[in-house]
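Colleague: I should like to go through this model with you, one element at a time. Please state the terms as they arise.

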Amino acid sequence: MTIEELVAEIDKLSVLELNDLVKAIEEKYGVSAAAGVVVAAAGAGAADGAAAEKDSFDVELTDVGANKIKVIKVVREITGLGLKEAKEAVEGAPKVLKEGADKAEAEDMKAKLEAEGAKVTLK
């Protein structure tokens with residue numbers, strides 16, 4: 001199968017199937033699909049003797065804000081949850097949406113949620 005054929009097959013996947021594919025690739029090959037991971041790792045390695053920077057964060061939705069429906073859509077996008085589960089997570093705020101996220105992933109999740117008016121805390 002050529003790369004073009006593989007990309008064409010990936011285009012046919014649903015969002016949930018694509019999420020499962022990404023997770024399977026991450027587990028099988030020990031890689032991460034999060035942008036900036038290589039840069040963050042290189043920066044941490046360059047800090048010889050400096051205090052280690054926190055590299056694992058819990059992303060907590062602390063307040064939904066006025067755009068509840070848009071926040072639910074973003075929660076579905078970033079967590080891969082179904083509509084019912086995402087709605088329950090949003091309505092149950094404060095709620096930890098992701099535990100042990102790397103810095104780049106946590107910052108990306110926070111930015112997407114805050115763009116819709118939600119308040120997010122990284123722990």
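Colleague: Which residues of helix 4 are buried?

Modeller: This is a predicted model, in which local features need pLDDT of at least 70, side-chain atom pairs count only at pLDDT 80 or more, and totals for chains, interfaces and linings use all residues. Residues are numbered from 1 along each chain as its sequence is written, and side-chain values use heavy atoms, without hydrogens and water. Helices (H or I, at least four residues) and strands (E, at least two) are DSSP runs numbered from the N terminus, and buried means under 20% relative accessible area, exposed over 50%, partly exposed in between (1.4 Å probe, protein chains only). The buried residues of helix 4 are Val-71, Ile-72, Val-74, Val-75, Ile-78 and Thr-79.

Colleague: Why do they lie on the same side of helix 4?

Modeller: An α-helix has 3.6 residues a turn, so residues three or four places apart point the same way. Taking the directions from the helix axis to the C-beta atoms, the buried residues of helix 4 lie on the same side because they cover an arc of only 165 degrees.

Colleague: Which residues are exposed on the other side of helix 4?

Modeller: The term exposed is used here with the cut-off already given, over 50%. On that other side, the exposed residues are Ile-69, Lys-73 and Glu-77.

Colleague: In strand 2, what is the bridge partner of Leu-61?

Modeller: Two strands pair if DSSP finds at least two bridges between them. Strand 1 and strand 2 are antiparallel, with four bridges. In strand 2, Leu-61 has as its bridge partner Lys-95.
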